[in-house]
Amino acid sequence: ASAKRVVSGIKPTGNLHLGNYLGAVKQWVAMQNQVQADGGETLFFIADLHAPTEWIAPADLRAQTIEMTATLVAAGIDPNRSILFNQTRVPQHSELTWLLNTVARVGWLNRMTQFKDKAGKNREGASVGLYDYPVLMAADVLLYNATHVPVGEDQKQHLELARDIATKFNNDYATDLFALPEPLISAAAPRIMSLRDASTKMSKSNPSEQSVVKLVDSDDTIAEKFRKAKSDADLLPATVAELADRPEARNLLTIFAALADRAPQDVLGDYAGKGFGAFKPALADLAVAALAPIRDEMVRLLDDKAAIDSILNQGAEKARALAAPTLKAAQDAMGL
Ligand code: ADP
Ligand code: NA
């Protein structure tokens, strides 16, 4: 098989927490390492153009773009091995979106379930950008002739749309300009739940400080949050299946396994028959060992905004070198 070119974006978020790390950032680092080990290329972008499709204060957007970049680099996205940038610095994303808008059909966008979910009852009050967001996503990957795009369940429809747009463009303009990207199937990302209420996911909007481990938390705070995490009085069982009715226990096991890069069942091999009095301190140690270097590097990077700016500039320069010929070819094909 020929080498993969994987393109993926992430919305700029602030106040990042353990759920963001294990469910998104760490997955990206693993993907970078896997794809590159197989001889492929990885392009990662901060989807800052996507952010204002729903209201976000300008100061927040600016800060979150910087914070997200620092987090990615601190966690192991290597700007010398991956092309790391934000959309705004590569104007071809916006320009190709307009061209693709003339190809995409209103009926296709009307079928996008994520727009319906996000707009809710207020469809008439939603921004045109929110409606058109999947076309920007198509441009994001078609610009680079991505061979593979990682997609979660909620993004499958958007990848299909990108393929439909690419196919129609190629047909309408008798060209083979756009390659059709395939989904990149990777191990399912773990879903991390609140440390206080395992029925809700760990989220920055969670009202209880104790329920969310933030990436900026000190070692002591991380350890304390795990020590006080809700668990139960039973011993850990021999099999994961036996945790079906113990959501807090299952969540702590999920976190342990994700941090240790092990299967939950494998971790139970060490802890079956032991209680949380033994498990929680080991989990706290593991979390501190994993998160402390990321936090320290984030703090270091955030203290040098010029360095982050230069990382994004260099990434954008490499991205533009790939994107510009694609845009030019699309314009030529259309007679522009
Ligand atoms: P979302 O709107 O999906 O909550 P966020 O900005 O909060 O997005 O999170 C950014 C990324 O982190 C997304 O990929 C999201 O799936 C992931 N994420 C957020 N919370 C969790 C969690 N509790 N467990 C696993 N992944 C999470
Ligand atoms: Na969230």
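**Figure 1. The shell of residues around ligand 1 in this predicted model.** Let's start at the ligand. The residues of its shell divide into four nonpolar, five polar and three charged. Among the residues around ligand 1 are K11, T13, G19, N20, G23 and A24. Further along the chain, A189, R191, I192, K201, M202 and S203 also belong to the surroundings of ligand 1. If you are picking side chains to display for this view, those names make up the list.

**Figure 2. The chain as a whole, before we zoom in again.** Twelve helices and five strands make up the secondary structure of the chain. The radius of gyration is 22 Å, close to the 20 Å that the globule rule gives for 336 residues, so the chain is as compact as a globular protein of that length. Taken along the principal axes, the C-alpha atoms fill a box of roughly 70 × 45 × 40 Å. Of the 336 residues, 40% are buried. Among contacts with a separation of 6 or more, 76% are between residues 24 or more positions apart.

**Figure 3. Where domain 1 touches domain 2.** The domain assignment gives domain 1 as 5–190 + 305–334 and domain 2 as 209–301. Their C-alpha centres lie 32 Å apart. At the place where they meet, 14 residues of domain 1 are in contact with ten residues of domain 2. On the domain 1 side, α1 (18–37), α2 (58–75) and α12 (305–334) each supply at least two residues. Helix α2 gives the largest share of that side, with five residues. By type, the domain 1 side divides into eleven nonpolar residues, three polar and no charged.

**Figure 4. The largest nonpolar core and A162 within it.** This core has 93 residues, and those with the most contacts inside it are L72, A138, L142, A162 and I165. Helix α11 (residues 276–302) contributes the largest share, nine residues. The core draws at least three residues from each of domain 1 and domain 2. For a closer look, centre the view on A162: leaving aside its neighbours within four places in sequence, A162 is in contact with M137, A138, V141, L142 and P181. Two of these partners, A138 and L142, also appear in the list of core residues with the most contacts.

**Figure 5. Two residues with a positive phi that are not glycines.** A174 has a phi of about 45 degrees. Look for A174 in the loop between α7 (156–172) and β5 (182–184). With 7 C-beta neighbours inside 10 Å, A174 counts as exposed, because the cut-off for that class is 12 or fewer. D261 has a phi of about 55 degrees. Its place is the loop between α9 (247–260) and α10 (264–271). D261 has 9 C-beta neighbours inside 10 Å and therefore counts as exposed too.

**Figure 6. R250 and A198, apart in sequence and side by side in this view.** R250 lies in helix α9. Is R250 buried, exposed or partly exposed? With 17 other C-beta atoms within 10 Å, R250 is partly exposed, because a buried residue needs 20 or more and an exposed one has 12 or fewer. Along the sequence, R250 and A198 are 52 residues apart. In space, the C-alpha to C-alpha distance between R250 and A198 is 8.9 Å.

Key
Residues are numbered from 1 along each chain as its sequence is written. Chains are lettered from A and ligands numbered from 1 in the order in which they are written. This is a predicted model: local features need pLDDT of at least 70, side-chain atom pairs count only at pLDDT 80 or more; totals for chains, interfaces and linings use all residues. A residue is near a molecule or strand if its C-beta atom, placed from the backbone, lies within 6 Å of it. Ala, Val, Leu, Ile, Met, Phe, Trp, Tyr, Cys and Pro count as nonpolar, Asp, Glu, Lys and Arg as charged, and the others, Gly among them, as polar. Helices (H or I, at least four residues) and strands (E, at least two) are DSSP runs, numbered from the N terminus. The radius of gyration is taken over C-alpha atoms; the globule rule is 2.2 Å times the number of residues to the power 0.38. Two residues are in contact if their C-beta atoms, placed from the backbone, lie within 7 Å. Domain bounds come from an automatic or database domain assignment. A nonpolar core is a set of buried Ala, Val, Leu, Ile, Met, Phe, Trp, Tyr and Cys residues joined through C-beta atoms within 7 Å.
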